[in-house]
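Here are my notes on the model you sent round. I've kept them as numbered points so you can follow along with the structure open.

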Amino acid sequence: MIELHGVSKTVDSGGSPLTILHSLDLTIPAGRSLAIVGPSGSGKSTLLGLMAGLDAPTTGEIRIDGTSITSLGEDALARLRGRLIGFVFQFFHLMPSLTAFENVLVPMELAGATDAHPRATRLLHEVGLDARAHHYPSQLSGGEQQRVAIARALANEPKVLLADEPTGNLDSSNGQHVIDLLFDVNRSRSTTLVLVTHDRELAARADMQIVMRDGRIVERLARDAGPVTAVAGGR
Ligand SMILES: Nc1ncnc2c1ncn2[C@@H]1O[C@H](COP(=O)(O)OP(=O)(O)OP(=O)(O)O)[C@@H](O)[C@H]1O
């Protein structure tokens with residue numbers, strides 16, 4: 001579902017080039033989950049942003065569902081993002097002037113869905129927020145806001161769900177609820193899930209883990225049926 005081939009990212013740092021991702025190769029099969037872990041500044045969010053097509057790599061190729069996104073123009077990329085990718089951020093990024101229901105509704109209406117209303121109702125039900133549908137973000141707890149953000153990310157039935165520190169701003173019980181929800185979606189809808197996290201316990205719930213350090217993947221772990229084991233040189 002997601003393939004990276006020789007992906008590097010170099011940025012300008014005070015007039016001199018700084019390489020923050022070094023020739024990464026990675027394959028995430030459809031319907032699986034991957035956790036990206038590693039210390040602060042190791043390149044996790046940059047990598048997720050590249051997978052989302054929010055930023056372009058300096059070299060290499062990224063394919064999402066068979067389409068090379070590295071050669072797409074802005075418009076085609078925006079359409080592909082809208083069709084295939086849902087994004088969940090650490091700080092929720094809900095529209096403060098819209099209710100929970102409207103936050104979920106708007107992306108569907110923008111995509112031209114004719115059944116947006118019943119689908120928004122169903123999605124809020126799935127994330128356990130029926131009773132909060134007409135509340136504004138400021139009237140919701142952090143965990144509730146993140147669940148609205150997940151419902152919104154699922155609005156256009158993406159094949160890929162990308163989450164950047166989705167529990168970073170939540171207490172442990174709200175965080176647990178949000179994580180359960182993300183893995184439920186991964187399993188029940190076969191949505192490919194990629195999440196960035198500092199939490200090794202959470203990361204261990206994913207089918208695969210990569211550990212980043214200084215812009216490189218320094219460790220790859222995969223789980224088949226049994227416990228998570230190291231994969232020597234595997235993708
Ligand atoms: N546009 C940019 N210009 C210069 N440096 C950048 C730019 N974007 C990212 N960096 C640097 O690249 C490195 C990787 O950043 P990134 O945000 O991907 O790390 P991270 O692993 O997600 O960190 P954290 O866990 O703290 O969020 C950091 O050292 C960051 O300062």
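1. Which residues of helix α3 (residues 100-110) are buried? This is a predicted model, so take what follows in that spirit. In α3 the buried ones are Ala100, Phe101, Asn103, Val104, Leu105 and Met108. As background, an α-helix has 3.6 residues a turn, so residues three or four places apart point the same way. The buried residues of α3 pack against two other helices, α4 (116-126) and α5 (142-153). Just past the end of α3, have a look at Gly112, which takes a positive phi of about 80°.

2. Val104 deserves a click of its own. Leaving aside residues up to four places away in sequence, Val104 touches Ala120, Leu123, Leu124, Val148, Ala151, Arg152 and Ala155. Val104 also turns up in the largest nonpolar core, a set of 64 residues. Along with Ile36, Leu162 and Leu182, Val104 is among those with the most contacts inside that core. The general background here is that in soluble globular proteins, nonpolar side chains tend to be buried together.

3. Now zoom out. The protein chain has 7 helices and 11 strands. Its radius of gyration is 18 Å, close to the 18 Å that the globule rule gives for 235 residues, so the chain is as compact as a globular protein of that length. The C-alpha trace spans about 50 × 40 × 35 Å along its principal axes. Of the 235 residues, 40% are buried. If you take contacts with a separation of 6 or more, 66% of them are between residues 24 or more positions apart.

4. Next, the sheet at the start of the chain. There is an open sheet of 4 strands, paired antiparallel in the order β2-β1-β4-β5. The edges are β2 and β5; each has a single partner strand, so one side of each is left without a neighbour in the sheet.

5. Going through the pairings: β1 and β2 are antiparallel and share 9 bridges, with Glu3 partnered by Thr27 in β2. These two strands form a hairpin with 2 residues between them, and Gly14 in the turn has a positive phi of about 60°. On to β4 (residues 59-64), which runs antiparallel to β1 and is joined to it by 5 bridges. You can check the register there: Ile2 has Ile64 as its bridge partner, Leu4 stands opposite Ile62, and Ser8 is partnered by Thr59.

6. At the β5 edge, 2 bridges join β4 to β5 (residues 67-68), again antiparallel. Arg63 stands opposite Ser68 in β5. This pair is a hairpin too, with 2 residues between the strands, and Asp65 in the turn has a positive phi of about 50°.

7. Finally, the ligand. Which residues are around it? They are Val11, Ser13, Leu18, Ile20, Gly38, Ser40, Gly41, Ser42, Gly43, Lys44, Ser45 and Thr46. The elements giving two or more residues to this shell are β1 (2-13), β2 (16-28) and α1 (44-51). The largest share, 3 residues, comes from α1. By class, the shell has 3 nonpolar, 8 polar and 1 charged residues.

Note on methods
Residues are numbered from 1 along each chain as its sequence is written. This is a predicted model: local features need pLDDT of at least 70, side-chain atom pairs count only at pLDDT 80 or more; totals for chains, interfaces and linings use all residues. A residue is buried if 20 or more other C-beta atoms lie within 10 Å of its own, exposed if 12 or fewer, and partly exposed in between; C-beta atoms are placed from the backbone. Two residues are in contact if their C-beta atoms, placed from the backbone, lie within 7 Å. A residue is near a molecule or strand if its C-beta atom, placed from the backbone, lies within 6 Å of it. Ala, Val, Leu, Ile, Met, Phe, Trp, Tyr, Cys and Pro count as nonpolar, Asp, Glu, Lys and Arg as charged, and the others, Gly among them, as polar. Two strands pair if DSSP finds at least two bridges between them. A nonpolar core is a set of buried Ala, Val, Leu, Ile, Met, Phe, Trp, Tyr and Cys residues joined through C-beta atoms within 7 Å. The radius of gyration is taken over C-alpha atoms; the globule rule is 2.2 Å times the number of residues to the power 0.38.
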